[in-house]
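Here is a walk through one protein model, from its cores out to its sheets and a few unusual backbone angles. Have the structure open as you read.

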Amino acid sequence: MAGSWFNWLSKPKEDVAQPTYGMSVSAYHFKNVTLEPEAALRNATVFTCVRILAKTVAQLPWSVVDAEKAGFVPVDHAINKLLKRPNSAMTPFEFKFKIIHDYLVYGNVYLLKVLTPSERVTELIPLDPPKIEISKSLSGARTFKYEGGRTYSEKEIVHIRDFIGLDVKGLSRVEECAELIIQANTLDSNLTERTKTAGRQNGVLIYDGSMSPESKAEISEAWKERYGGTMAVLDGGRKFTDTSGTSPADSDTQSLIELEIKRICGIFDVPVEYLQISDGKFSNLSQKNSEFYSNTISPLCDVVAEKLTQSLIFDDGMAIKFNGAEMKKGDLAATTKIANESYSAGILTLNESRRLAGYSAVDGGDKFVETPTAPEPSSHNDYDADSTGQYGPRTSEGYSNE
């Protein structure tokens, strides 16, 4: 009897199933891994970070401006027409979104310049980064061969790169951090599997009497079919012990997932608070937007604007620029107070103060305020204190408090 009992409980070592919950040490080793950028977007954190950055930049106005003037001062220029309608298939929002998407995911943006015989740019068409092969001659000139298509010269392509190094291409953030993203995906899959099995009923049934191993196996199999969990049947009395519940590894897995989310957000310079999964606080929405613009959005805009300026603008003193005034403004009450005080002190003109506070300029507002001249302070040689401690002009007869 004992022999059959232990034979039933024991299985050959190779048949013992390994638990599916928890994370084994080997699951964290992904050396020399390859992760396609498109696959990286299936990670929720990567997808959200790219979407937040792309849509934020895409909704910012842009224009050709006078680069020698402070602030965003649009000028009348032929390239403005191109910025308002980059190509026949895309709106300005879609076009800017695509630029930031390719920049973050692939590390490279390729814009084909459609030129007239007089070399005037009529359209800018984004090309698919994975289909571009770059060659560099001994003289340093680059050519861009499109898969299955023609080869373009530097004059025909606007190439914007992320993480510029010695290579002709920029580095992809998701490719360089593939190991981190795969770790995050593995953690997500692990937690998903535990969620699927969380409702299964497991337990131990102690039977009052004896039962053959075959009968015990039949009960266990029937339990599995009905409740999805596992049931161990033992002799010795009717009693059921519930062994269901979450694995101790679940809380650790959740903590690791939160850590991976923070690390991925760091790759894209996106505050975790923007994913709405953190308890991080900002004093107000304006401060939140201002810091995000200064630390993340502004550098992105500068990279894109400077490259487009270099490729499209040939007028001295002119440049393409994004207008992020709405995002970088601080608290409205504080900004208005600063603008008013700066104008009253003669530091800013009326129109400069109005622009700082978010208002339009007015006629005659380009002059500084005229501050009254302060009177010369009197010397105590001419004024002395009387018995009350007040000062008055000194006279031959005494002191006057007039």
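A nonpolar core, as the term is used here, is a set of buried Ala, Val, Leu, Ile, Met, Phe, Trp, Tyr and Cys residues joined through side-chain atoms within 4.5 Å. Keep in mind that this is a predicted model.

## The chain as a whole

Let's start with the overall numbers. The protein chain has 402 residues, and 35% of them count as buried. Its secondary structure comes to 13 helices and 14 strands. The accessible surface is about 24,800 Å², with 52% of that belonging to carbon and sulfur atoms.

Now for the contacts along the chain. Taking those with a separation of 6 or more, 62% are between residues 24 or more positions apart.

## Two cores

With that definition in hand, the largest nonpolar core turns out to have 59 residues. The residues with the most contacts inside it are L53, I100, F268, I297 and I320. Helix α10 supplies the largest share of this core, nine residues.

What does F268 touch, once residues up to four places away in sequence are set aside? Its contacts are V46, C49, V50, L53, L104, R173, V174 and T296. So much for the big one; there is also a second, separate core of nine residues, and L112, I132, F144 and Y152 are among them.

## The β3-β2-β7 sheet

One open sheet has three strands in the order β3-β2-β7, paired antiparallel. Its edge strands are β3 (121-127) and β7 (157-161), each of which pairs on one side only. Neighbouring strands here are turned by 25° against each other on average, direction ignored.

Zoom in on β2 and β7: five bridges hold this antiparallel pair, and Y110 has H159 in β7 as its bridge partner. Helix α5 (residues 92-105) packs on the sheet and touches β2, β3 and β7. The direction of α5 makes about 140° with that of β2.

## The β4-β5-β6 sheet

Another open sheet, also antiparallel, strings three strands together as β4-β5-β6. Here β4 (132-136) and β6 (151-153) sit at the edges with a single partner strand each, so one side of each has no neighbour in the sheet. On average, neighbouring strands of this sheet are turned by 25° against each other, direction ignored.

β4 and β5 (residues 142-146) run antiparallel and are joined by five bridges. Across this pair, I134 is the bridge partner of F144, and S135 stands opposite T143. The hairpin of β4 and β5 has five residues between the strands, and G140 in this hairpin takes a positive phi near 100°.

## Aromatic pairs

How many aromatic pairs does a search of the whole structure find? It finds five. One of them is Y110 with F144, an edge-to-face pair at 6.0 Å centre to centre and 65° between the planes. Y110 belongs to β2 (residues 108-115) and F144 to β5, so this pair ties together parts that are 34 residues apart in sequence. Both rings belong to buried residues. F144 is worth a second look: this residue is also a member of the second core and the bridge partner of I134.

Another pair, Y274 with F292, is tilted, with 4.4 Å centre to centre and 35° between the planes. Y274 lies in the loop between α9 (249-268) and α10 (285-312), while F292 is in helix α10, 18 residues apart. Y274 and F292 are both buried. Elsewhere, ring pairs link W62, F95 and F322 into a cluster.

## Positive phi outside glycine

Two residues other than glycine deserve a glance at their backbone. E119 has a positive phi near 65° and is found in the loop between β2 and β3. Is E119 buried or exposed? With a relative accessible area of 48%, E119 is partly exposed.

D269 has a positive phi of about 60°, though D269 is not a glycine either. Its place is in the loop between α9 and α10, the loop that also holds Y274. D269 is partly exposed, at a relative accessible area of 43%.

Conventions. Residues numbered from 1 in each chain as written. Predicted model: local features only at pLDDT ≥ 70, side-chain atom pairs only at ≥ 80, totals over all residues. Heavy atoms only, no water. Pairing = 2+ DSSP bridges. Helix = DSSP H or I, 4+ residues; strand = E, 2+ residues; numbered from the N terminus. Axes fitted to C-alpha atoms, helices over the stretch in contact; angles between N-to-C directions. Phe/Tyr/Trp six-rings, centres within 6.5 Å; stacked < 30°, edge-to-face > 60°. Buried < 20%, exposed > 50% of the residue type's maximum accessible area, 1.4 Å probe, protein only. Contact = heavy atoms within 4.5 Å. Areas by Shrake-Rupley, 256 points an atom, 1.4 Å probe, with all protein chains shown as cover.
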